[in-house]
2 protein chains.
Amino acid sequence: MKVSGKSYRTIWLAEDGWSVEIIDQTRLPHELAVMRLLDLGSTCHAIREMHVRGAPLIGATAAYGMCLAVRSDPSDGAIEHAAAALLATRPTAVNLRWAMDEMRAALSSRPTSERVTAAYARAAAIADEDVATCHAIGQHGRRLIEEAWTRAGKSRPVRVLTHCNAGWLATVDWGTALAPVYAAFDAGIPVEVWVDETRPRNQGMLTAWELGQHGVSHTVVADNAGGHLMQRGQVDLVIVGTDRTTARGDVCNKIGTYLKALAAQAAQIPFYVALPGSSIDWGIEDGFMIPIEERAADEVLAIRGRARGDLVTVALAAEGTRAANPAFDVTPAPLVTAFVTERGVTAPAGLRALYGRL
Amino acid sequence: MKVSGKSYRTIWLAEDGWSVEIIDQTRLPHELAVMRLLDLGSTCHAIREMHVRGAPLIGATAAYGMCLAVRSDPSDGAIEHAAAALLATRPTAVNLRWAMDEMRAALSSRPTSERVTAAYARAAAIADEDVATCHAIGQHGRRLIEEAWTRAGKSRPVRVLTHCNAGWLATVDWGTALAPVYAAFDAGIPVEVWVDETRPRNQGMLTAWELGQHGVSHTVVADNAGGHLMQRGQVDLVIVGTDRTTARGDVCNKIGTYLKALAAQAAQIPFYVALPGSSIDWGIEDGFMIPIEERAADEVLAIRGRARGDLVTVALAAEGTRAANPAFDVTPAPLVTAFVTERGVTAPAGLRALYGRL
C-alpha cells in the first residue's frame, strides 16, 4: 500500500539480493524506518520484539529468517535449529508454524547445495501468496461492507469498528481485517473506521496511520469505548483479524477482541473475522487449548510516545506496581457471524467445508 | 485512608479556616501533591480538569466551591451563578446536582449575614456524611466478599476485578467500590484485586496506588484483559462505582464498565455496583437519558507519565489523528447482580424500596 504516495510492502529482499528489509513497526506511527535483517538471530529478535507483528507477516518474516539461516549453514541440523528458534519467538500465531512447515518441506528433499536458492524462492512465494490471499479476502469482504451500505440506504458511510492492527502492516500487503475496508474504499463505497487503540501496545495507532496514508476516514477510540458505540447504534459491523482460529471457529486474537464480540452480540451487530487459511489450526477444536502468550508487565506499565521530536518512554504507574499482560484472548465461535477468507465468506460451521477438511 | 502511614482525606479545610485543600489527583500516582482552592473559579477548574474526580468527591468539592463563592458574595444571584458554574463542570455525575440542591436548601432561607457560616457547616456535614456512607457501603459489601471466600473454601484469596477508581480517592474517604475491599482486608479476609488501567485517563493507576498504600495485593491489567480473566476463572466478582444510576438500576459509570458487565454475565460472575444514595437519579428510569460527557480527544491521543524524574506528556498517534472520547457508558440494570449501598445490598428491582421511593 502507499506511504506518502510511494508503494510499500512490509517486507522485501534488499538490493544486495540476500538480506531482508522490513518496516520497523516499533517506530510507527511516529516515523517510517526501515530495518535490515542479516541473520537468524536478528530475525528472531525482530519478531519477538515486534518490529514486525501480525500473524501473516510473522509467517513471511520467519520464512525469510530460514533463508538467512540456510545461507550460513544449509545442513539438516541447522534447519531444525532455525525452525525451533523461530517457532519460539511467538507462541500464539499459527502462521509461524505453517511457514516453518512450508520451508522444511521445500528444503528437506533437496541437496544442501540447492537449499539457499530453494529457500529464497519459497520465501518469496510465501510473501507473494500472502499478497494474493489478502487481496482475495478484500474482495470477498467488500461485499459485506457493500451490503451494510445498501441496508443504510446508501445515505451515509458504513461505520466499521476494528481492534488491533490487521491491516497491510500485519501482512505483506493489503491486510486481513482492513483488506475489505480498502477494497470498499477503492470501489467508491464510503467507509468510516472506529479504531480501537488496542492497549497495551497501541497497534490501533498503526491502523490509524495506514488508514490515513490511504485516505480512509477514521477515528481512534480507547478500547473501553466500543461497547458504548455499538449500544448507541454508531457501528454497522465489526471486523478483526486472528492469530489462530480453530477448526470449529474459535478465534484467538489480540486481547480485548472477545469483549467487542460480546458487545456486538448484545447490539446485534455482525462480527466478522478476516483470515487466510494459514491462520486456521486444523489440529485444535477448542480455542481454550491455544497457548496464550503472557508478555512483559512493562508493556502495561510504560508507554512510548513522541515528546518534543524525540521518542520517549514514560512510566504510567507508581514504582513497584505489578501488572499482568496476557496478549491474546479467545472469542468462542458462536459469537462470530462469519469468517472472511481468501476462499469466500462462511459461518463458523462452514469453515471445514470451505477448506475441504470434512 | 493512609498514605505512607499518615491518615488523609481527599478534601479538607485548610489551617486558615476558609480555603480548601485537595489532593491533586492529576499528580498521582507519581507524587502526592496538595492543591489549594481559593475561589469559585479555581474550584470549577479543579473539577473540570479532574484534579478531583469520582462522583462523591465531585459533590463534596462542589459544596466547598459554593462556600468559597458565598464567602465573596452571599447574594441569591451569586448562589445561583455559583451553582450553575459548578453544575456545568461535569454533566454526568448526579452527586454534583445533589450537592448543589443541598447547599441551596441550606442557604436560601437564611439572611445573607448567616450564609457563610451555614455554607461551611453544610459542606463539612456533606463531607462527613460521605465518609459515614462509604464506611457503611464497605461493611455491607464486605459480606459479599466473605461469601465468595466461603464459596472458595477459604483456600485462596478472593479475586476482585474493578474498573476505574472508585476508591477513597473518588470519595472523601473509604471509597465506594473499594470500601468493601478495604473492609474485607481489615477483617482479615484475603483479597487480590485486578485493576483495570482504565484508559484514557488511567484512573486504575490511582486504584493501584491507594491499594498499595493500604497494603492490599493487586495487579494492573489493560482494560482489554478483563474478559479473558473472567473466561478463564480468574475473577470471583466484579465491583465498580457509578457516576449516576437511574431509578430502575441502569448504571452510568466510566467508559468500559459495560464491557466488563457483559463479560461477567457471560462467565456467570457477580457484577456489583457500590454507590451512595446520592448517586441515584430518581427522576430517570432509562439510562440512555443520561447525558454522556464527551471529553477532549487529547486524552486519548496523548498521555502523561514519568521519565527520568519528570512528568512528561507524550503523543501516541501520528499528528492530525482524530479521536473520540466518550467518558461514560451505561450498563443496563439486567446486567447488575446487586447494588451495594449505605442501606444494604439489593438487586436492581429492590432499589426503590430500599430508599422508600415506591
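## Sheets, helices and salt bridges in a predicted model

In chain B, strands β3, β4 and β5 make up an open three-stranded sheet, ordered β3-β4-β5 and paired antiparallel. The two edge positions go to β3 (11-13) and β5 (34-37) of chain B, each with a single partner strand, so one side of each has no neighbour in the sheet. On average, neighbouring strands here are turned by 30° against each other, ignoring direction. Keep in mind that this is a predicted model.

Let's look at one pairing in that sheet. Strand β4 (residues 20-23) of chain B is joined to β5(B) by four bridges, and the two run antiparallel. Across from B:Ile22 you'll find B:Met35 in β5(B).

β5 of chain B also takes part in a salt bridge: B:Arg36 pairs with B:Asp16 through their side chains, at 2.9 Å from N to O. B:Arg36 sits in strand β5 of chain B and B:Asp16 in the loop between β3 and β4 of chain B, so this contact links distant parts of the chain, 20 residues apart. Both ends are partly exposed: B:Asp16 has a relative accessible area of 34%, and B:Arg36 has 44%.

Now for the helices. Helix α2 (residues 55-72) and helix α4 (residues 94-108) of chain B pack with their axes 8 Å apart, at an angle of about 35°. The crossing of α2(B) past α4(B) is right-handed. On the α2(B) side, the contact includes B:Ile58, B:Ala62, B:Met66 and B:Val70, and on the α4(B) side B:Leu96, B:Ala99, B:Met103 and B:Leu107 are among the residues involved. What kinds of residues make up the contact of α2(B) with α4(B)? They divide into 13 nonpolar and two polar, with no charged ones.

Further along chain B there's an open sheet of four strands, in the order β13-β10-β11-β16, with mixed pairing. Its edges are β13 (280-281) and β16 (328-331) of chain B; each has a single partner strand, so one side of each is left without a neighbour in the sheet. Strand β10 (residues 244-246) of chain B runs parallel to β13(B), and two bridges join them. One residue to look for is B:Thr246, whose bridge partner in β13(B) is B:Asp281. Helix α9 (residues 257-267) of chain B lies across β11 (251-254) and β16 of chain B, at about 30° to β16(B).

Is B:Thr207 buried or exposed? Found in helix α7 (residues 204-214) of chain B, B:Thr207 is buried, with a relative accessible area of 0%. Beyond its neighbours within four places in sequence, B:Thr207 contacts B:Thr162, B:Cys164, B:Asn165, B:Ala166, B:Leu178 and B:Val195.

Back to salt bridges: there are 46 over all chains. Here are three of them.

| Residue | Partner | Closest N to O |
|---|---|---|
| A:Arg201 | A:Glu299 | 2.6 Å |
| B:Asp16 | B:Arg36 | 2.9 Å |
| B:Glu114 | B:Arg110 | 3.7 Å |

Take the chain A pair, A:Arg201 and A:Glu299, joined by a salt bridge. A:Arg201 lies in the loop between β7 (191-196) and α7 (204-214) of chain A, while A:Glu299 is in helix α10 (residues 298-301) of chain A, so the pair ties together parts that are 98 residues apart in sequence. A:Arg201 is partly exposed at 30% relative accessible area, whereas A:Glu299 is buried at 12%. Both belong to a salt-bridge network that links them with A:Arg90, A:Glu293 and A:Arg295.

As for the pair B:Glu114 and B:Arg110, B:Glu114 is partly exposed at 40% relative accessibility, and B:Arg110 is partly exposed at 37%.

How values were computed. Residues are numbered from 1 along each chain as its sequence is written. Chains are lettered from A and ligands numbered from 1 in the order in which they are written. This is a predicted model: local features need pLDDT of at least 70, side-chain atom pairs count only at pLDDT 80 or more; totals for chains, interfaces and linings use all residues. Side-chain values use heavy atoms; hydrogens and water are left out. Two strands pair if DSSP finds at least two bridges between them. Axes are lines fitted to C-alpha atoms, for helices over the stretch in contact, and angles run from 0 to 180 degrees between N-to-C directions. A crossing is left-handed if the near helix is turned anticlockwise from the far one by less than a right angle, and right-handed if clockwise. Contact means heavy atoms within 4.5 Å. Ala, Val, Leu, Ile, Met, Phe, Trp, Tyr, Cys and Pro count as nonpolar, Asp, Glu, Lys and Arg as charged, and the others, Gly among them, as polar. Buried means under 20% relative accessible area, exposed over 50%, partly exposed in between (1.4 Å probe, protein chains only). A salt bridge is a side-chain nitrogen of Lys or Arg within 4 Å of a carboxyl oxygen of Asp or Glu.
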